[in-house]
Amino acid sequence: MTGSPSLARGGHSLHCKRCLIALPFSQVEVDPSRIAVIFYCLGSLDILDSLGSQSSDLERETWRDWLWEQQISGTYGSGFRPSPYMTPEDFTGDASEYDLPHLVMTYTALNSLSILRDDFSKLDRKGILRFLGACQREDGSFSALPNGGESDLRMLYCAFVISSMLNDWTGIDVDRAIHYIRRCYSYEGGFGQTPGGEALGGTTYCAVAALHLAPKTQGYPRESRLTPEERSRTIRWLVQNQTPSGGFSGRTNKLADACYCFWCGAALCILDAGDLVNERALAGFLADCQFKFGGISKAPGERPDPYHTYLSLAVLSIIPTDHGDDESWKLPRLDALLNATEPTAAWAREHIPAKRGTS
């Protein structure tokens with residue numbers, strides 16, 4: 001591919017480093033989800049291979065310490081809360097009903113600590129298994145919090161990927177969860193957030209990834225989780241979501257958005273259909289989404305943020321494009337199931353599971 005802009009690696013790295021220090025005023029509303037924002041920033045630096053150049057040993061140690069401060073334990077088990085915004089910094093008591101571990105934040109904390117190459121000696125593995133069980137609902141779905149919150153395929157994916165990282169599925173009812181995923185399948189070919197919902201690119205990725213992560217079970221052998229006809233229908237729906245702009249839309253007849261380039265593109269790769277993506281058009285759309293001062297936005301002309309920056313880089317890592325002699329576009333491969341670079345995913349799978357004598 002010739003004549004296209006370079007990937008502004010330096011600008012994107014600086015954007016993420018700035019957001020690790022402080023968020024711009026336009027994004028302060030996501031501060032209560034601080035761990036997720038940290039993951040998008042660290043994940044981008046990991047993909048760009050610039051974590052070492054953009055941070056010192058002291059900074060990385062400080063980030064690790066802060067992440068471990070968010071691991072809390074209580075009635076429902078252990079996990080990571082989004083941030084300490086509900087609790088004074090010097091508070092040492094038990095977690096309240098308003099300051100509980102969160103499924104998404106627990107998943108993104110584990111990924112972030114893997115990027116930072118933590119040894120996970122502080123991880124309360126048994127407590128996390130209790131927490132996962134407390135989040136599972138009667139219908140097989142998972143809520144974000146043990147006492148409620150959002151309950152859809154996004155949370156189910158997080159529960160599955162955490163179980164996969166732990167290499168321990170005893171905390172959840174896998175067959176009941178797979179049954180719930182099956183109920184979310186849409187006539188369009190994608191998966192909705194909940195049963196009967198409209199097919200969405202993000203939840204289709206969550207469903208496809210979860211079905212591939214889950215271990216063998218008697219109730220749902222791997223070959224029965226998605227029939228050949230359903231797989232073909234899902235692939236067709238995902239491919240049709242690539243718009244003439246080169247980007248992907250998240251729903252039928254919607255505008256392209258950089259984040260859906262990952263959700264749809266990664267789902268296609270998991271289904272062994274990544275070759276059906278027009279990768280040149282995809283790279284061209286994401287190149288146009290680059291902000292002149294660093295970062296990648298949801299669409300050309302919009303302001304960037306860590307979320308869209310990370311997911312844009314992530315899809316470029318799993319669906320690379322030949323840019324000739326332009327080295328800026330060459331990125332490490334991403335593990336599409338864990339949503340982490342292959343070295344980081346390997347670190348997670350080696351260090352997060354319990355070893356003999358640990359809990």
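D272 counts as exposed, because its relative accessibility is 67% and the cut-off for exposed is over 50%. This residue sits in the loop between α12 (258–270) and α13 (279–288). Its phi is positive, about 60 degrees, although D272 is not a glycine. The model is predicted. The points below go through backbone angles, the nonpolar core, helices, the largest pocket and some single residues.

**Positive phi angles**

- Most residues other than glycine have a negative phi.
- D272 goes against that trend, with a phi of about 60 degrees.
- R117 has a positive phi too, of about 55 degrees, and is not a glycine.
- R117 lies in the loop between α5 (103–115) and α6 (125–135).
- R117 counts as partly exposed because its relative accessibility is 33%.
- D49 comes just after α2 and takes a positive phi of about 55 degrees.

**The nonpolar core**

- In soluble globular proteins, nonpolar side chains tend to be buried together.
- Here, the largest nonpolar core has 112 residues.
- L103, F142, F160, Y205 and F262 have the most contacts inside this core.
- Helix α7 (residues 153–166) gives the most to the core, with 11 residues.
- Which residues does F160 touch, not counting those up to four places away in sequence? They are F142, W169, I172, V174, A177, I178, A210, L213 and A214.
- One of these partners, F142, is also among the residues with the most contacts inside the core.

**Helix α1**

- Helix α1 covers residues 9–21 and has 13 residues.
- At 1.5 Å a residue, α1 should span 18 Å. Its end C-alpha atoms are 19 Å apart, so the model agrees with the expected span.
- The buried residues of α1 are H12, S13, H15, C16, K17, C19 and L20.
- These buried residues pack against α2 (34–47), α3 (51–54), α4 (57–69) and α14 (306–318).

**Helix α2 and L42**

- The 14 residues of α2 should span 20 Å at 1.5 Å a residue. The end C-alpha atoms are 20 Å apart, which agrees.
- How many of the 14 residues of α2 are buried? The count is 13, so α2 is mostly covered.
- L42 is located in helix α2.
- L42 is buried, because its relative accessible area is 0% and buried means under 20%.
- Beyond its neighbours within four places in sequence, L42 is in contact with L20, L51, W63, S112, I115 and L116.
- L20, one of these partners, is also among the buried residues of α1.
- L42 and S141 are 99 residues apart in sequence, and their C-alpha atoms are 29 Å apart in space.

**The largest pocket**

- About 950 Å³ of space lies in the largest pocket.
- The lining of this pocket has 35 residues.
- Y40, V104, R154, W263 and Y307 lie nearest the pocket centre.
- α2, α5, α7, α9 (201–213), α12 and α14 each supply at least two lining residues.
- What classes of residue make up the lining of the largest pocket? There are 21 nonpolar, nine polar and five charged residues.

**R182 and H212**

- R182 belongs to helix α8 (residues 174–183).
- R182 counts as partly exposed because its relative accessibility is 25%.
- Leaving out residues up to four places away in sequence, R182 touches Y220, R225, L226 and E230.
- R182 and L211 are 29 residues apart in sequence, with their C-alpha atoms 9.6 Å apart.
- H212 is part of helix α9.
- H212 is partly exposed, because its relative accessibility is 36%.
- Apart from neighbours within four places in sequence, H212 is in contact with R222, I270, L271 and L337.
- H212 and I270, one of those partners, are 58 residues apart in sequence and 8.0 Å apart from C-alpha to C-alpha.

**P244**

- P244 lies in the loop between α11 (228–240) and α12.
- Is P244 buried or exposed? P244 is exposed, because its relative accessible area is 90%.
- P244 and K330 are 86 residues apart along the chain, and their C-alpha atoms are separated by 25 Å.

How values were computed: Residues are numbered from 1 along each chain as its sequence is written. This is a predicted model: local features need pLDDT of at least 70, side-chain atom pairs count only at pLDDT 80 or more; totals for chains, interfaces and linings use all residues. Side-chain values use heavy atoms; hydrogens and water are left out. A nonpolar core is a set of buried Ala, Val, Leu, Ile, Met, Phe, Trp, Tyr and Cys residues joined through side-chain atoms within 4.5 Å. Buried means under 20% relative accessible area, exposed over 50%, partly exposed in between (1.4 Å probe, protein chains only). Helices (H or I, at least four residues) and strands (E, at least two) are DSSP runs, numbered from the N terminus. Contact means heavy atoms within 4.5 Å. The expected span of a helix is 1.5 Å times one less than its number of residues. On a 1 Å grid over the protein atoms alone, a cavity is a set of points where a 1.4 Å probe fits but cannot get out, and a pocket is an open set with protein on both sides within 12 Å along at least five of seven lines; lining residues have an atom within 4 Å of a point. Grid points are joined across faces, edges and corners, and a volume is the space filled by probe spheres set on the points. Ala, Val, Leu, Ile, Met, Phe, Trp, Tyr, Cys and Pro count as nonpolar, Asp, Glu, Lys and Arg as charged, and the others, Gly among them, as polar.
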